[in-house]
Structure formats: structure tokens, C-alpha cells
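Let's take a walk through this protein together, stopping at the places where something can sit. Have the sequence and the 3D view at hand as you read.

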Amino acid sequence: MTDLALDARGLVRRYGSVVAVDHADLAVPRGEVVALLGPSGCGKTTSLRLIAGLDRGEGTISIDGVVVSGGAKEVPPEKRGVGLVFQDSVLFPHLDVAANVSYGLRGDDRDATAQRMLALLGIRDLAARMPHEISGGEQQRAALARTLATEPALVLLDEPFAHLDASLRERVREEMLGALRRTGTSALLVTHDQSEALAIADRVIVMNAGRIHQHGTPEEVYRRPVDRFTAEFIGRGVVVPARVTGAGVASTVLGEVAVGAGTPAGECFAVLRPESIELVAPGAGIAGRVVRSWFRGGDRLLRIELADGTLVEASDSAWHAAGERVSVAVRGEVAVVR
Ligand code: ADP
Ligand code: MG
């Protein structure tokens, strides 16, 4: 018995000379929600289509320990135990919400199951409405209810919140995530929104140009990115040239900074997150000038230009106007990438 709901190895899909998915390995531990995160066009949807069996490429795909694609084997989509939720899910327009949810079910308890799923997604009141009588967010919840009703081994969600307005997105996201968690459903959720991925997933898979850069918890990909792409794509901050000069020390435009003790000597880049840049007393750090500041509620994000033109970002609780002269220093250990 495997502990992986999804184990995909060496996925490749070419469209002519474009390699949309380039030797990608993707895994979803059973019961976890994993975000597949990357910029638009990096191969996320293509990967989902391969896993669902809607498209075919190279590599091996196992779902709940059973090979569904690989070598001569190709299990059809409906036999893979996979549920799909898309950006705009299509409900049957002539069936009410409850009938949409019970559509794929068999047996006497299908109506009861549908009611249970609607309750799980917080849309029990909408059971008798027609699809055109509910909002986009409610349609997405109904689509997930319909998918979960069939108890799939793995749910694949492709940017399911992308078309919802910001005010609604968080609520729908929480309802849908809650339903996945309460049912212990394994899910692979595609998003290009890094804050969304970090906020909701147990694990994040970072993808760019068809290739997987990193698998890790949100904390790991944020604090210990494996390469420059991941460091710049995930979270705020800047990446500056650095040289590791001794055990746990690197020199940068901001002076000497602490890095992991085992970091090999030589040229690299230091990842400076806003929370690792602090404003210090004049003269106590490196001189800079505030070029922009954003109010964020609890704090302000400051963009600061250093004397040599390097831009860094800092988070501070006080107001600093553009043009103000400040002094900055690096606090704590920072990540380095090559
Ligand atoms: P994402 O979902 O990450 O935005 P896609 O998986 O949709 O990216 O696309 C990855 C790459 O493959 C893009 O360069 C896209 O143009 C290309 N692509 C996707 N589908 C097709 C297709 N049917 N024919 C040709 N190229 C495609
Ligand atoms: Mg896509």
C-alpha cells in the first residue's frame, strides 16, 4: 500500500517544438492538498490533463498505487478514480443543483449523499436552484460537491478560484478547502497565485517552463528556495549577488550577512525578504532612500534604493515617505541560491 495518492514520474508532453511538460515528477501524499504553482504557460494544465488521462505523453502515472499510464498501459479517464474541477465548472443547465450533484451516483442513497455533499460545501439552501440562478462561487462549490460525491482517490483542481472576485475568492476557497480536509481527500490544485499556494497547501510544487524546480512545504519553498527562479517567484523581496567568505558568512552590498553554516564558499545570490531588512539608526547600517511605500494594514512595505542603485524591500510599522533617507541592515540568517 503506497502512501501516495498520486505518483507521476518523468512526465513529458511536447507540442511540436514546444516542450510543455519537461520530465516532471509530481507527487501527492494521501490526504494532502498539494499546490502546483507556476507562471502562466509553464505547463500546469497540461500536467493535469496527463494525470486525468485527457491527454497522453511520456512517463508513468500511478494513482493510489495503481499504474494508470505508462508503457503500453493507458487507463481511460473515467476509470482513473480522478475528479476534476476547472476554472469555470460546467453544471448541467437543465438539472437543479441537487440533481447535478447526484448525477453520477447510483443506489438508493444517492439523494442523501447529494444532500450531505451540499451541506459539506455550505450550499444546502441552493439544492433546488438551477445553475443559472446561482453565483460563480456557488457554481464552483456545487462542482466540487459533485466531484466529492463520487469519492475520487484524487481531485484535480485547475485554478478553481481564478474567475471569482477578490471579496468572494477567500470565502469560496475556505469552503472548498474545508470540504477537501473534512473528507480527507487528496488533491492537486493548480494556481499561478503564490500567496494562494502558500496559504492553503500542505505542500507546494514549483514549476517553470515545463520543469519542476522544487517540492516542499510552504515554509520550505519560502525560506529555503533551491534556486533563483523559486526565490524570485515565491514571496516578496530581492535577490542580490553575494560571496560566501567563511563559515556561515557571506558578503553583499548590505555588508556581511549570516547564511547557513554549511553553505559552500564562492559566488551565489542572497535572498533578502522584507522581514529580514530592518531600518536602523542613521549611520548604523547601509544608507538608502525610500523610493516607494505601500500601506498594507498592519505594516508598510518600503522599497529602498541603496547608494549603488540596488533596490531592496523592507517591512516597517512606521510611515516613511518617498525620498526619506534611511539606514538599513540585514537581520537574521538569509537563504542563498546559486
Ligand atoms: P499553464 O496551465 O501553466 O498556464 P499550459 O499547460 O496550458 O500552461 O501550457 C503550457 C505550454 O504548452 C504553453 O506554451 C502552451 O502554449 C502550450 N500548449 C498547451 N496546449 C497546447 C496545444 N493544445 N497545442 C499547442 N501548444 C499547447
Ligand atoms: Mg492553465
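The sections below cover the domains, the ligand site, the pockets and the cavity.

## Model and domains

Before you start, keep in mind that this is a predicted model. The domain assignment splits the protein into two parts: domain 1 covers 4–223, and domain 2 covers 236–337. If you take the centres over C-alpha atoms, domain 1 and domain 2 are 38 Å apart.

## Around ligand 1

Which residues are found around ligand 1? Going along the sequence, you meet Y15 and A20, and then the run P39, S40, G41, C42, G43, K44, T45 and T46. Helix α1, residues 44–52, is the element that gives the most to this shell, with three residues. By character, the shell around ligand 1 has four nonpolar residues, five polar ones and one charged one.

Three contacts to oxygen atoms of ligand 1 are worth finding on your screen. G41 uses its backbone: an N or O atom there is 2.6 Å from a ligand 1 oxygen. K44 brings a polar side-chain atom to 2.9 Å from an oxygen of ligand 1. T46 also has a polar side-chain atom facing the ligand in this list, at 2.6 Å from an oxygen atom of ligand 1. How much of ligand 1 does the protein bury? Taken alone, ligand 1 exposes 570 Å², and the protein buries 57% of that.

## The largest pocket

Next comes the largest pocket, which holds about 480 Å³ of space. It is lined by 21 residues, and those closest to its centre are V82, G83, L84, R146 and T147. Two elements give two or more residues to this lining: β7 (82–85) and α4 (136–149). Of these, β7 gives the most to the lining of the largest pocket, with four residues.

What is the chemical make-up of this lining? The residues that line the largest pocket divide into ten nonpolar, seven polar and four charged.

## The second largest pocket

The second largest pocket has a volume of about 340 Å³. Among the 14 residues of its lining, R223, R224, E333, V334 and A335 are the closest to the centre. The elements that give two or more residues here are α7 (218–223) and β21 (335–337). The lining of the second largest pocket counts six nonpolar residues, three polar and five charged.

## A cavity inside

How many cavities of 30 Å³ or more turn up when the whole structure is searched? The search finds one. The largest cavity has a volume of about 40 Å³.

To locate the largest cavity in your viewer, select its lining residues: L11, L50, D55, R56, G57, E58, G59, I61, S69 and E74. Strand β4, residues 58–63, gives the most to that lining, with three residues. In the lining of the largest cavity, three residues are nonpolar, three are polar and four are charged.

Methods. Residues numbered from 1 in each chain as written. Chains lettered and ligands numbered in written order. Predicted model: local features only at pLDDT ≥ 70, side-chain atom pairs only at ≥ 80, totals over all residues. Heavy atoms only, no water. Domains from an automatic or database assignment. 1 Å grid on protein atoms, 1.4 Å probe; cavity = no way out; pocket = protein on both sides within 12 Å on 5 of 7 lines; lining within 4 Å. Points joined across faces, edges and corners; volume = space filled by probe spheres on them. Nonpolar A, V, L, I, M, F, W, Y, C, P; charged D, E, K, R; others polar. Near = heavy atom within 4 Å. Polar contact = N/O pair within 3.5 Å; in protein donor to acceptor, adjacent residues only side chain to side chain. Areas by Shrake-Rupley, 256 points an atom, 1.4 Å probe, with all protein chains shown as cover.
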